[in-house]
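Here are some short exercises to work through at your own pace. Have the sequence and the model open beside you, and try each task before reading its solution.

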Amino acid sequence: MNRVRSGWATRSGFYMAAIGSAFGLGNLWRFPFVVGSNEGGAFVLLFVLCVLGVGLPVLVGELMLGKLTGQSAVNAIQKTSKDRKSHWLWVGRLSLLASVLIFAYYSVISGWVLYFLMQFLVAPIKGESFDTAVLFKRLMENGHLQLGLTSVHIVLVMTIVAKGVREGIEKWVKVTMPIFFVLLLFLMTKSLSLPGSERAIRFLFYPDFEKLTLTSFVQVLGHTFFTLSVGMGAMVAFGSYLQKETPTPRAGFMVSGLDILISLLAGLVIFPIVFSGTVEAEVGPSLLFETVPLLFSQMGLGNYFGFTFFLCLYTTALVASFGLLEASVSNLVDRYNFQRGRASQIMGVVVFIFAILPSLSSSVLQNVTFQGLSLLKMFDALLINWILPISAAGICLLVGYKLPEKTVRDEFVDERLVDSHQLYGLWRFTLRWLAPFLIFGALVAELFDIKS
Ligand code: PHE
């Protein structure tokens, strides 16, 4: 299979970009509240097992699909089949749909982060501190503001993606990731010195399996795919830029390991605050915004720390968004020969249209609910608990059954490593049998849960 693209400038550049795409609001904003609503420990354990046992194999599969074909999702799938109308193309189309809708939903939350960033920016100028719970409520009630912030985010991402992946992403991530990591470690030590820390650690790491429900399984799978950025074609696009020498399993392993680490770190920052009883935080999308700023209000130069935190958080959201938009843009470029700039503009407009509903869900459209879920929560549940797992299952089956065995084996196996052949066997078994079985099992369990 020929390779038509230029690779990443450096191998570390690729790693940073792939890690940058995986690391985002999923880790810091979504992970804590999903863990909270699933009652902690057992769910966290399930999550770690799920990332390593299911997410990692699918991630490697996606990267490989991109790397071996040198193409983005739909074209990559086309290349694996001789038939131009192959049913497998639906896997690519579904992943594309997922990337567009998830980007719309992601932009709304990125807009919230932008809002807090701006508040922390003006706070030192105004010389006053603010009550973040009140601030959050005000934002929720103001649909136009949310829509405005959402569009600012979409336009920013669009502009950067239009300039091309490599230049756009490499520069950003290299600077902000290490700063954010250090800042998170610092916040964790602050948070762990609060009186709620022991209960928080027990909550996070003591597994009480009775707390799991039928719906926990699909939630853990959906979150795994979301946080690793798989099932949306984003990693296929990244893989297609991967240089020949970079081993895909190693890249997948690094991304998954770091993703788990950062998610746990986020939990260790947020839950001690919750258990210290200083805030009445709701376990839902507001959790991050109602807890972390509290740490800043208790420390010297808090507003500056707050600003740095939200700046880093916004940067990760921005970089993760590149991956989401890149998935659809690279499809337009590869498949229909669009110019990059034009493709980014078109997709930006499409995403904006889809983002209107979730950004108005807590204000103008707050009465539109389904089974008690607001529009935003509905987006979340439908996309992450249903579309993503189905699309990920499709990718497993495609890589497991459609890619030529020998090519895949050659790509996976590294003769210098002792266990490489066994690992290959395990990986292939997971893609062909285990992961699809678990995913469909979890979806059936969810159906029963909805019915009962
Ligand atoms: N994984 C990102 C996060 O955790 C979200 C994302 C999904 C980014 C898909 C790119 C592609 O926030």
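A polar contact here is a pair of N or O atoms within 3.5 Å; within protein, one must be able to donate a hydrogen and the other to accept it, and residues adjacent in sequence count only if both atoms are side-chain atoms. The model is predicted, with local features needing pLDDT of at least 70 and side-chain atom pairs pLDDT 80 or more, while totals for chains, interfaces and linings use all residues. Residues are numbered from 1 along each chain as its sequence is written, and side-chain values use heavy atoms, leaving out hydrogens and water.

**Exercise 1. Find the atoms that face the ligand's oxygen and nitrogen atoms, starting with Leu25.**

Step 1: Go to Leu25, where a backbone N or O atom lies 3.0 Å from an oxygen atom of the ligand.
Step 2: Add the side chains: a polar atom of Asn27 is 3.5 Å from a ligand oxygen, and a polar atom of Ser229 is 2.9 Å from a ligand nitrogen.
Step 3: Check the cover. On its own the ligand has 320 Å² of accessible area (Shrake-Rupley method, 1.4 Å probe), and the protein covers 100% of that area.
Step 4: Look at the surroundings. The ligand has 14 residues around it (a heavy atom within 4 Å), and the closest are Ala22, Gly26, Tyr106, Phe226 and Ser229.

**Exercise 2. Is Leu28 buried or exposed, and which residues does it touch?**

Step 1: Place Leu28 in helix H2, residues 25-37. Helices are DSSP runs of H or I with at least four residues, numbered from the N terminus.
Step 2: Apply the cut-offs: buried is under 20% relative accessible area, exposed is over 50%, and partly exposed is in between (1.4 Å probe, protein chains only). Leu28 has 2% relative accessibility, so it counts as buried.
Step 3: List the contacts (heavy atoms within 4.5 Å). Not counting residues up to four places away in sequence, Leu28 touches Phe23, Phe180, Leu184, Ala266, Ile270, Leu288 and Leu313.
Step 4: Follow one of these partners. Leu288 is among the buried residues of H13; 10 of the 11 residues of that helix (287-297) are buried, so H13 is largely enclosed by the rest of the structure.

**Exercise 3. How many salt bridges are there, and where do Arg340, Lys406 and Arg409 find their partners?**

Step 1: Recall the principle: side chains of opposite charge can pair when their charged atoms come close. The rule asks for a side-chain nitrogen of Lys or Arg within 4 Å of a carboxyl oxygen of Asp or Glu, and it gives nine salt bridges.
Step 2: Pair Arg340 with Glu326, whose closest N and O atoms are 2.6 Å apart. This pair links distant parts of the chain, with Arg340 in helix H15 (residues 340-359) and Glu326 in helix H14, 14 residues apart. Glu326 is buried at 3%.
Step 3: Move to helix H17 (residues 405-412), where Arg409 and Glu405 lie four residues apart, about one turn. Their closest N and O atoms are 3.6 Å apart. Arg409 is partly exposed at 31%, as is Glu405 at 32%.
Step 4: Find Lys406 and Asp410, which meet in a salt bridge of 2.6 Å, N to O. Lys406 is exposed at 58%, whereas Asp410 is partly exposed at 47%.
Step 5: Finish with the network: salt bridges that share partners join Glu405, Arg409 and Arg428.

Conventions: Helices (H or I, at least four residues) and strands (E, at least two) are DSSP runs, numbered from the N terminus.
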